[in-house]
Amino acid sequence: MVRCWNRSENLVEEAQCTDGAPAAAPRSHFPHKAVWVSLAASLLLLVITLGLTGKLGLSQLHAQSSQIVRISAPDQSSGVLINQSAVVDAQKHLVTFTVTSLANQTSTVLFDIKHGLICYKPVEQSSCFLRKMEQPDFDNVQSFLQDQTHQSHVQLSWNETQRRTEFLGVLANSQVDPSALDEPLKDLCQDRSVHWTTRSDGPGKQRLVYFCIDICFPSNICVSVCFYYLPE
């Protein structure tokens with residue numbers, strides 16, 4: 001191939017000259033575009049795969065951090081076994097009890113260890129009840145978090161179980177806005193009013209106990225939490 005130069009008025013252009021042979025066909029850029037499209041598609045597929053894998057990994061991690069423990073304990077008065085379950089979420093520092101009474105009524109008790117709160121949601125009431133955790137409460141729920149055997153079922157014996165009763169007075173004028181609560185408590189009580197409670201030695205003769213919730217822990221401790229209403 002002979003290199004030729006064409007001179008115009010202001011530009012000097014390089015042109016290809018041939019010595020009689022036909023001019024070579026220009027190169028096509030289509031293969032380069034196909035490669036880029038293929039790379040983009042592969043990258044998109046990789047991103048989608050990584051996203052799905054990440055979601056699956058987080059789901060498996062959450063499943064591994066949560067554990068369901070069933071607890072059976074004899075009723076203090078009748079001796080009949082009471083069954084309850086506790087969902088232990090070590091990652092979020094939550095222990096959620098589902099307690100079924102002898103009358104087949106189910107209440108929920110949430111121990112929010114991170115914020116140091118206990119929330120009671122009795123089935124026969126239209127309110128939730130809050131109180132701050134004390135050291136015995138932390139000790140009781142630690143029996144779940146520190147369980148290295150990861151037992152799925154714990155059965156307490158009558159002779160070895162320690163029992164005690166706690167009285168909580170409901171403060172009628174201390175209603176809490178549910179929307180101001182943290183996420184686990186807000187979700188639990190979103191359709192109810194929420195009241196603070198205070199511990200006391202008992203309701204006294206002038207007050208009646210309205211309901212009780214029995215909660216048992218793997219550390220062979222059962223607590224009967226009884227509620228009554230205080231005057232405004």
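A cavity is here a set of points on a 1 Å grid over the protein atoms alone where a 1.4 Å probe fits but cannot get out. In the predicted model examined here, the count comes to one cavity of 30 Å³ or more. The volume of the largest cavity is about 60 Å³. Its lining consists of F111, I118, Y120, R131, D137, N140, E166, I215, F217, V223 and V225. Viewed by element, at least two lining residues come from each of β7, α2, β12 and β13.

The open space of the model was considered next. A volume of about 240 Å³ was computed for the largest pocket. This pocket is lined by K92, L94, T96, T108, L110, D112, K114, H115, E183, P184, D187 and L188. Two or more of these residues are given by each of β5, β6 and α3, the last spanning residues 183-188. The greatest contribution to the pocket lining is that of α3, with four residues.

The strands were then examined as a sheet. An open sheet with mixed pairing is formed by 11 strands, in the order β9-β3-β4-β5-β6-β7-β8-β11-β10-β13-β12. The edge positions are taken by β9 and by β12 (211-217); each has a single partner strand, so one side of each is left without a neighbour in the sheet. From one strand to the next, the twist averages 25°.

Pairing at the β9 end of the order can be followed strand by strand. The edge strand β9 (residues 153-155) runs parallel to β3, with three bridges between the two; within this pairing, R70 has H153 of β9 as its bridge partner. On β3 (residues 66-74), a further set of nine bridges leads to β4 (residues 81-89), and here the two strands run antiparallel. I68 is matched with V87 of β4. The antiparallel sense recurs between β4 and β5, which share six bridges, and S85 finds its bridge partner in T98 of β5.

Further along the order, β8 is joined to β11 (residues 193-200) by four bridges in a parallel arrangement. In this pairing F129 stands opposite H195 of β11. Between β10 and β11 the sense is antiparallel, with six bridges; V176 is partnered there by V194 of β11.

The helix α2 lies across a broad set of strands, namely β3, β4, β5, β6 (106-112), β7 (117-121), β8, β10 (162-176), β12 and β13. Relative to β12, the helix runs at about 50°. Both α2 and β12 are also among the elements that supply at least two residues to the lining of the largest cavity.

Aromatic contacts were analysed last. A pair of aromatic rings is described by the distance of the centres and the angle of the planes. The structure contains 11 aromatic pairs. In one of them, the ring centres of F97 and F144 are 5.5 Å apart and the planes stand at 75°; because planes over 60 degrees apart count as edge-to-face, this pair falls in that class. F97 belongs to strand β5 (residues 94-100) and F144 to helix α2 (residues 135-145), so the contact ties together parts separated by 47 residues in sequence. Both partners are buried: F97 has a relative accessibility of 0%, and F144 has a relative accessible area of 5%.

A second edge-to-face pair is made by F129 and Y229, with 6.5 Å from centre to centre and 75° between the planes. Since F129 lies in β8 (residues 127-132) and Y229 in β13 (residues 221-229), this pair ties together parts that are 100 residues apart in sequence. The two partners differ in accessibility: F129 is buried, at a relative accessible area of 0%, whereas Y229 is partly exposed, at 28%. Both residues are members of one aromatic cluster, which also includes Y120, Y210, F211 and F227. Y120 is, in addition, one of the residues lining the largest cavity.

Terms used: Residues numbered from 1 in each chain as written. Predicted model: local features only at pLDDT ≥ 70, side-chain atom pairs only at ≥ 80, totals over all residues. Heavy atoms only, no water. Phe/Tyr/Trp six-rings, centres within 6.5 Å; stacked < 30°, edge-to-face > 60°. Buried < 20%, exposed > 50% of the residue type's maximum accessible area, 1.4 Å probe, protein only. Pairing = 2+ DSSP bridges. Axes fitted to C-alpha atoms, helices over the stretch in contact; angles between N-to-C directions. Contact = heavy atoms within 4.5 Å. 1 Å grid on protein atoms, 1.4 Å probe; cavity = no way out; pocket = protein on both sides within 12 Å on 5 of 7 lines; lining within 4 Å. Points joined across faces, edges and corners; volume = space filled by probe spheres on them.
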